[in-house]
Amino acid sequence: MRVVALLWLGVVTSWNGVSAQVGHEPGHSPYRDVRRGAVGVLTFGYLGGSRGSVGVGLSDGKTAGIRYEALFGAIGASLGLAYGRTTRFVVDPFKDTTSRRSGPSNNDVVLVDAGLQLVLTGRKTWRGFAPYVGGALGVAIGGRSPHDTSGYTFGTKFTVAPNAGLRWYPARRLSVRGDFRLVLWKLNYPTQFKQPDPIDNTPVLPSSAALTEWTSHPWATIGVGWTF
């Protein structure tokens with residue numbers, strides 16, 4: 001329902017934007033057409049968020065990436081590829097509760113996604129600005145993991161990422177944008193986390209706990225785009 005409401009809000013805003021131009025001379029209107037064509041974007045940002053209840057999830061790292069965008073009226077499509085210098089902690093289930101956690105250790109991640117955006121001002125900008133909302137589906141691929149006696153690895157995760165952002169067009173071909181998205185993925189824990197350690201007989205996870213857990217990760221980026 002929230003997605004439907006946002007889409008409806010975007011349609012209404014886009015219609016109002018077009019209607020608001022009536023009465024303005026073309027040279028004095030605050031609305032300007034967005035140049036047609038594909039857009040290549042360089043992005044830089046920071047990925048944070050939850051490491052999960054155990055604390056072994058990936059988080060807290062700078063990102064850099066590239067993105068390809070294409071606009072079809074008020075709807076835009078995008079493909080993205082990013083690399084993140086994230087970290088994680090290692091939890092050894094065979095040690096006692098006071099010494100089983102170590103780190104953080106480097107554990108990089110590659111993020112690949114495809115998404116859609118609804119531009120709230122349609123095919124135009126308002127005083128050079130064009131806000132949008134959207135969402136993306138993709139995968140997160142973990143890099144080389146630190147040695148972990150539990151056998152836990154991040155692996156490859158399916159991701160869902162609602163997002164919102166703002167594009168600014170200082171020139172016809174040049175655009176600067178800020179994007180905020182909430183990346184969601186599911187962690188999978190090994191069964192060793194439920195086995196009592198040999199020292200104080202305390203497992204990492206209670207026997208009733210699930211071995212999977214969704215975590216959320218705020219991801220803020222800024223980017224520079226060029227329309228071809």
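## A well-connected tyrosine

Let's start with one residue in this predicted model. Setting aside residues up to four places away in sequence, Y189 touches G52, S53, V54, V56, Y152, L205, A210, L211 and E213. Y189 also belongs to the largest nonpolar core, which has 20 residues. Along with Y189, the residues with the most contacts inside this core are V54, L111, F154, W185 and F193.

Which elements give two or more residues to this core? They are β7 and β11, the latter spanning 174-188. Strand β11 gives the most, with 3 residues. There is also a second, separate core of 5 residues, and V34, A130, Y132 and Y169 are among its members.

## The overall layout

Stepping back, the protein is built from 1 helix and 12 strands. Reading along the sequence, you meet the helix and then the strands, in the pattern α-β-β-β-β-β-β-β-β-β-β-β-β. Of the 228 residues in the protein, 43% are buried.

How much of the contact network joins residues at least 24 apart? If you take contacts between residues at least 6 apart in sequence, 67% of them join residues at least 24 apart. As for the outside, the protein exposes about 12,100 Å², and carbon and sulfur atoms supply 66% of that area.

## Two neighbours in strand β7

Strand β7 covers residues 109-119 and holds V112; D113 lies in strand β7 too. Are these residues buried or partly exposed? V112 counts as partly exposed because its relative accessibility is 33%. D113, with a relative accessible area of 9%, is buried.

V112 takes part in a nonpolar patch on the surface, together with L42, F44, I66, L81, I141 and I222. The accessible area of these residues together is about 650 Å².

D113 has other company. Not counting residues up to four places away in sequence, D113 touches R67, S78, L79, G80, A136, L137, G138, R181 and W219. Its side chain makes a polar contact with the side chain of R67, at 3.0 Å. D113 and R67 are also part of a network of salt bridges that links them with D179 and R181.

## Salt bridges across the chain

Side chains of opposite charge can pair when their charged atoms come close. A search of the whole structure turns up 10 salt bridges. One of the pairs is R85 with D108, where the closest N and O atoms are 3.4 Å apart. This pair links distant parts of the chain: R85 sits in the loop between β4 (75-84) and β5 (87-91), while D108 sits in the loop between β6 (101-106) and β7, 23 residues apart. R85 counts as partly exposed at 47% relative accessibility, whereas D108 counts as buried at 18%.

Another salt bridge brings together the side chains of R88 and D148, with an N to O distance of 3.2 Å. R88 lies in strand β5 and D148 in the loop between β9 (129-142) and β10 (156-168), so this pair ties together parts that are 60 residues apart in sequence. Both R88 and D148 are buried.

A further pair is R100 and D197, whose closest N and O atoms are 3.0 Å apart. Here R100 comes from the loop between β5 and β6, and D197 from the loop between β11 and β12 (212-227), which puts the partners 97 residues apart. R100 is buried, with a relative accessible area of 9%, and D197 counts as buried at 2% relative accessibility.

## Backbone details to look for

Where is the cis peptide bond? It joins G103 and P104, with omega at about 10°. P104 is found in strand β6.

Two residues other than glycine have a positive phi to look at: D60, with phi near 55°, and R127, with phi of about 50°. D60 has its place in the loop between β2 (39-47) and β3 (61-72), and R127 in the loop between β8 (124-126) and β9. D60 is partly exposed, with a relative accessible area of 36%. R127 counts as exposed because its relative accessibility is 55%.

Note on methods: Residues numbered from 1 in each chain as written. Predicted model: local features only at pLDDT ≥ 70, side-chain atom pairs only at ≥ 80, totals over all residues. Heavy atoms only, no water. Patch = residues over 30% accessible without salt bridge, like charges linked within 9 Å, V, L, I, M, F, W, Y side chains within 5 Å. Areas by Shrake-Rupley, 256 points an atom, 1.4 Å probe, with all protein chains shown as cover. Salt bridge = Lys/Arg side-chain N within 4 Å of Asp/Glu carboxyl O. Helix = DSSP H or I, 4+ residues; strand = E, 2+ residues; numbered from the N terminus. Buried < 20%, exposed > 50% of the residue type's maximum accessible area, 1.4 Å probe, protein only. Contact = heavy atoms within 4.5 Å. Core = buried A, V, L, I, M, F, W, Y, C linked by side-chain atoms within 4.5 Å. Polar contact = N/O pair within 3.5 Å; in protein donor to acceptor, adjacent residues only side chain to side chain.
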